[in-house]
Amino acid sequence: MSVEVIRRDGGKENMKAYRKKQRVLSFVLAVILLILSFPLQSMAEFLAETESSAEDTAEGKDEESTEEAVYIVAEDRSKRGEFEKHYYLSDGSFTAVTYTEA
């Protein structure tokens, strides 16, 4: 013996609408969970680096080519200290390097 409940307000149609709402809600919650599973701090840092490198490239500054083009030509021994050395670079500038131990 089974008892069947007959709804006057069209129970099957309400059930379809309920299931559709439930699927949409499940999808939205799954997307939110997926977004929250990403490391947002890392993504923010990556985007900041990407934007700054794009700006440097737009201005004609390419850090990699600049670093590769500049090299040490010679050491200026007259400026040498106990824990530091001064070097002349290929672009005409110079740099000082400080060491913690001799």
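**View 1. The whole protein and its surface.** The accessible surface of the protein adds up to about 9,800 Å², and carbon and sulfur atoms hold 58% of that. Keep in mind that this is a predicted model. Of the 102 residues in the protein, 5% are buried. You can pick out three helices and three strands here. Start at the N terminus and you meet them in the order α-α-α-β-β-β. Now look at contacts between residues at least 6 apart in sequence: 0% of them link residues at least 24 apart.

**View 2. Strands E2 and E3 side by side.** Here we zoom in on E2, which covers residues 84–89, and E3, which covers residues 94–98. The two strands run antiparallel, and five bridges hook them up. Look for Tyr 88, which sits opposite Phe 94 of E3.

**View 3. The turn of the hairpin.** Between strands E2 and E3 of this hairpin there are four residues. Check out Gly 92, whose phi is positive, near 95°.

**View 4. Thr 95 and its surroundings.** Thr 95 belongs to strand E3. Is Thr 95 buried or exposed? Neither, quite: its relative accessible area is 30%, so Thr 95 counts as partly exposed, a label for values between 20% and 50%. Set aside the neighbours within four places in sequence, and Thr 95 touches Lys 85, His 86, Tyr 87 and Leu 89.

**View 5. From Thr 95 across to Ile 72.** This pair sits 23 residues apart along the sequence. In space, the C-alpha atoms of Thr 95 and Ile 72 are 9.0 Å apart.

Conventions
Residues numbered from 1 in each chain as written. Predicted model: local features only at pLDDT ≥ 70, side-chain atom pairs only at ≥ 80, totals over all residues. Heavy atoms only, no water. Buried < 20%, exposed > 50% of the residue type's maximum accessible area, 1.4 Å probe, protein only. Contact = heavy atoms within 4.5 Å. Areas by Shrake-Rupley, 256 points an atom, 1.4 Å probe, with all protein chains shown as cover. Pairing = 2+ DSSP bridges.
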